[in-house]
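The exercises below are meant to be worked through with the sequence and the coordinates side by side. Each task is followed by a solution that proceeds step by step.

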Amino acid sequence: MMWPESKRLNIWVFVSFLCIGCLHGDGHRELRAAEALVKKERFVEALSRYDRVIKRYQGENVALQAARHASRISVYNLKDYASAINHYRYIVLHSTDERERFEAQNEIANVYYELLADYEQAIVEYSRLLQVTKEEKEKIHFRKLIARSYFFRKNFFQAETEINQINKSGLDEENVYDILFFRANIKMATKNIAEAIEILSDLLERYPERAHKDNVALHLAICYEEKENFARAIEVLDSLRPESGETDYIGDQIKRLKQRQSFLPGAKGLTK
């Protein structure tokens, strides 16, 4: 028996919808199976299930859900950072939520910076974030991370260039301190010791509590030692004794500096 053309078309559409529904149902069943494996801490098998969903349902919401779960267990449970990056990139490419895409891109940058110490790629990923964000606080944050990445790659000139590009108007005190301390480290690394001393001294005066936490005085003592101004280096270290729990370390450093001082031309020898 032959069905009329219109009825055959309706039946084909109906069957197609049934098949699509079955496929979606299979995808969600795979997700639930993966979640059950996660609860049993069988993370490798769970990741394999999530990847199967992503491959089979490319571009669909169920695949996006799988990518979210897969990125999480890749980072926190398996420490498989290459896998995490791949899944975050999938979210960047396929999510319709602008903020979710932004956060996924941020996670990619953080993995390269914090977990892989791949500072060259971190610069690339943070630069992408810098291009899309309109928030001034986020711009400052990403610019600082790009600057630090250049610093760790020993590209001190570019590190300082990045810092100089930060909009200084409206900076809060925490960012002012961070930028000054970072600049002092650049000056130390490039042997511009006089400039480093000036910045570090300013930090100790203006931000004594934060400077104490970050051992700014020790940095200053190192600078004075670099200049062979051992008397000032000893004076700075001596000021730390009442508040430092590392009195043996401070005492040893002072003793070492006094010994170096005794070798200077015109010195009278080592004294107690």
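**Exercise 1. Which handedness, left-handed or right-handed, does the crossing of helix 9 and helix 10 have?**

Before starting, note that this is a predicted model, in which local features need pLDDT of at least 70, side-chain atom pairs count only at pLDDT 80 or more, and totals for chains, interfaces and linings use all residues. Residues are numbered from 1 along each chain as its sequence is written, and side-chain values use heavy atoms, with hydrogens and water left out.

Step 1. Helices (H or I, at least four residues) and strands (E, at least two) are DSSP runs, numbered from the N terminus; on that basis the protein has 14 helices and 0 strands.

Step 2. Helix 9 packs against helix 10 (residues 193-206) at an angle of about 155 degrees, and their axes are 8 Å apart. Axes here are lines fitted to C-alpha atoms, for helices over the stretch in contact, and angles run from 0 to 180 degrees between N-to-C directions.

Step 3. Angles under 35 degrees count as roughly parallel, over 145 as roughly antiparallel, 65 to 115 as roughly perpendicular and the rest as oblique; helix 9 and helix 10 are therefore roughly antiparallel to each other.

Step 4. A crossing is left-handed if the near helix is turned anticlockwise from the far one by less than a right angle, and right-handed if clockwise. The crossing of helix 9 and helix 10 is left-handed.

Step 5. The residues that meet, contact being heavy atoms within 4.5 Å, include Val176, Tyr177, Leu180 and Phe181 in helix 9 and Ile193, Ala196, Ile199 and Leu200 in helix 10. By class, this contact of helix 9 with helix 10 holds 11 nonpolar, no polar and 5 charged residues, where Ala, Val, Leu, Ile, Met, Phe, Trp, Tyr, Cys and Pro count as nonpolar, Asp, Glu, Lys and Arg as charged, and the others, Gly among them, as polar.

**Exercise 2. Describe how helix 7 packs against helix 9, and which residues meet there.**

Step 1. The axes of helix 7 (residues 136-152) and helix 9 (residues 173-189) come within 12 Å and cross at roughly 15 degrees, which makes helix 7 roughly parallel to helix 9.

Step 2. The crossing of helix 7 and helix 9 is left-handed.

Step 3. From helix 7, Ile140, Lys144, Ala147, Arg148 and Phe151 meet Asn175, Asp178, Phe182, Asn185, Ile186 and Ala189 of helix 9. Sorted by class, the residues of this contact are 6 nonpolar, 2 polar and 3 charged.

**Exercise 3. Which salt bridges tie helix 7 to other helices, and are their members buried or exposed?**

Step 1. A salt bridge is a side-chain nitrogen of Lys or Arg within 4 Å of a carboxyl oxygen of Asp or Glu, and a search of the whole structure finds 22 of them.

Step 2. Lys144 forms a salt bridge with Asp178, their closest N and O atoms being 3.1 Å apart; the pair links Lys144 in helix 7 with Asp178 in helix 9, 34 residues apart. Buried means under 20% relative accessible area, exposed over 50%, and partly exposed in between (1.4 Å probe, protein chains only), so Lys144 at 10% counts as buried, as does Asp178 at 12%.

Step 3. Lys144 and Asp178 also belong, with Arg210 and Asp214, to a network of salt bridges.

Step 4. Glu162 and Arg143 meet in a salt bridge of 2.7 Å, N to O, with Glu162 in helix 8 (residues 156-164) and Arg143 in helix 7. Glu162 is buried at 7% relative accessibility, and Arg143 is buried at 18%.

Step 5. Arg99 in helix 5 and Glu138 in helix 7 are 39 residues apart, yet they form a salt bridge whose closest N and O atoms are 2.9 Å apart. Glu138 is buried, with a relative accessible area of 18%, whereas Arg99 is partly exposed, at 43%.

**Exercise 4. Where does Lys191 lie, and what is the sign of its phi?**

Step 1. Most residues other than glycine have a negative phi, and most peptide bonds are trans.

Step 2. Lys191 lies in the loop between helix 9 and helix 10, and although it is not a glycine, it has a positive phi of about 65 degrees. Lys191 is exposed, with a relative accessible area of 54%.
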